[in-house]
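Thanks for asking me to look this one over. Here are my notes, in numbered points, to read alongside the structure.

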Amino acid sequence: METKTAIISTLALSVMIVSGPQFLPAGFASATAQAQDATQPAIARRIGAIKAINGNAITLAPDSGPEVAVTVQPNARLLRIAPGAKDLKDAAPIQLQELQVGDRVRVRGQASADGTSIAALEIIVISHSDLEAQHEQERQDWQKRGLGGPVSAVDATAGTVTISTSSFGGKKAIIVRASKSTIIRRYAPDSAKPEDAKLTTLQDVHVGDQLRARGDRSADGGELAAEEIFTGNFPYVEGLINSVDASAGRVSVQDVLSKKTVQLKINPDSQLHKIPAEMAQGFAMRLKARLPPGTPGAVANSSSASTPHAAANGQGGAGGTGGGGMGGGSRPGGGFDFQRLLDQTPAIALADLHKGDAVAILATEGTSSGGSTVIKLYSGVEPILQAVPNGSQAMMLAPWSLGGAPSGDAGP
């Protein structure tokens, strides 16, 4: 999943517009009251990113709707606030020439009759560089204190969710504890972007959902006190491609588990990768080693399980994609990051896929009208599907496919 997206709902500007006027800082409320004279046109507000600047003319790309032409008035008030600020007490006055493309702004002023332009009386800005710095800090914290996996149990009364995390050593159940201060969001059915997720409660978390949480782990690693939780339903598809329509951005897959044909969309955010053959063989051997004794294809000697680790060290085709050495699949502080290794496999285009290719796909839940969209697709998985041809256990890509964090992948 792309890690460059900022978690907009945590920013003061978004809180101001989404939460309603009762949450506006006192400075905003008083300024609005003073400006709304009965003899003047209604005051309009827009929140978005600066797309272009030409003198005192700004092109604003709002969070929803068409672009807005903003003309900054000579007496307009311009203030900069830090990401997460909840009032204007620490806001700093700035000059028009300090604004930059990419800055997040809240514009207040007199709108034209058709709403396509605003004569700005006030602009509150969060600089693009400050947003990037905050995003990087959050990403690092998610990598350090985040984990993710499918939900196996929910006890809303006790405030707990049990997730199943996986590694090459097997699966482990971890209890995620939510408190009154825990922020819980559910992904939109047609988006895997954190900024599209909506606030929710544990009652909306279901068995089978993918869950990602950030917080402090217990000493034994069996529990996590969650500060933030993201959850959602992301279907998993593994099978053979029936057809590819690169011009329309669509792919049809015959799912080996459900035996159904699944139609999926590809958009600019979809990530397509190909797993190198030697790496796929290593994963397949690991799966066979974990099959119960007597199962067709099971490996008697589990020492072959070290093969994927060899791949992570650049001996199985992965090293060349991730910079070589343990950097390709290792986490800061030690341990093995399977998702990071997968994300460092070669990227491919939709046109590189062909009928009969074996793929593993994570998709959005989808809507009745829009269908599902590919989040991540991995080709080159033939050896892995052959290792468990009857679908007796989920393919080992699935537990990691969302990673551990909205702002960056992290494993348990």
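1. Two residues are in contact when heavy atoms lie within 4.5 Å. Among the contacts in this chain with a separation of 6 or more, 62% are made by residues 24 or more positions apart. Please keep in mind that this is a predicted model, where local features need pLDDT of at least 70 and side-chain atom pairs count only at pLDDT 80 or more, while totals for chains, interfaces and linings use all residues. Residues are numbered from 1 along each chain as its sequence is written, and side-chain values use heavy atoms, with hydrogens and water left out.

2. Now the overall inventory. The chain has eight helices and 19 strands; these are DSSP runs numbered from the N terminus (helices are H or I with at least four residues, strands are E with at least two). Of its 412 residues, 47% are buried, where buried means under 20% relative accessible area, exposed means over 50%, and partly exposed is in between (1.4 Å probe, protein chains only). The accessible surface is about 18700 Å², and carbon and sulfur atoms hold 52% of that surface. These areas come from the Shrake-Rupley method with a 1.4 Å probe, and for residues only the protein chains shown count as cover.

3. Helix 3 is a good place to begin. Its 18 residues, 128-145, reach 25 Å from the first C-alpha to the last, close to the 26 Å expected at 1.5 Å a residue; the expected span is 1.5 Å times one less than the number of residues. Which of its residues are buried? They are Leu 131, Gln 134, His 135, Glu 138, Arg 139, Trp 142 and Arg 145. These buried residues cover an arc of only 155° around the axis, so they sit on the same side of helix 3; the arc is taken from the directions between the helix axis and the C-beta atoms. Gln 137 and Lys 144, on the other side of helix 3, are exposed.

4. What covers that buried side? The cover over the buried residues of helix 3 includes strand 5 (104-111), strand 6 (117-126), strand 7 (146-155), strand 12 (210-217) and strand 13 (223-232). Strand 13 is itself largely enclosed by the rest of the structure, because seven of its ten residues are buried.

5. Strand 13 also has pairing partners; two strands pair if DSSP finds at least two bridges between them. With strand 10 (residues 183-186), strand 13 pairs in the parallel sense over four bridges, and Ile 229 is the bridge partner of Ile 184. With strand 12, the pairing is antiparallel over eight bridges, and here Leu 211 stands opposite Thr 231. Five residues separate strand 12 from strand 13 in their hairpin, where Gly 221 has a positive phi near 75°.

6. Next, the largest nonpolar core, meaning a set of buried Ala, Val, Leu, Ile, Met, Phe, Trp, Tyr and Cys residues joined through side-chain atoms within 4.5 Å. It has 17 residues, and those touching the most other members are Ile 58, Val 70, Leu 78, Leu 99, Val 105, Val 107 and Ile 123. Strand 1 (43-54), strand 2 (57-62), strand 3 (68-80), strand 5 and strand 6 each give two or more residues to this core. The largest share, five residues, comes from strand 3. Leaving out residues up to four places away in sequence, Val 70 touches Asn 56, Ala 57, Ile 58, Leu 60, Val 107, Ile 118 and Ala 120.

7. Strand 3 is worth following through its pairings. Strand 2 and strand 3 run antiparallel, joined by four bridges, with Ala 57 opposite Thr 71. Strand 3 and strand 6 run parallel, joined by eight bridges, with Ala 69 opposite Ser 117. Strand 4 (residues 92-93) pairs with strand 3 in the antiparallel sense over two bridges, and Pro 93 is the bridge partner of Leu 79.

8. Two loop residues to finish. Asp 63, in the loop between strand 2 and strand 3, is partly exposed at a relative accessible area of 48%. Beyond its neighbours within four places in sequence, Asp 63 contacts Ile 47, Gly 48 and Arg 104. Lys 259 lies in the loop between strand 15 (250-255) and strand 16 (261-265) and is exposed, with a relative accessible area of 59%. Although Lys 259 is not a glycine, its phi is positive, about 65°. Most residues other than glycine have a negative phi.
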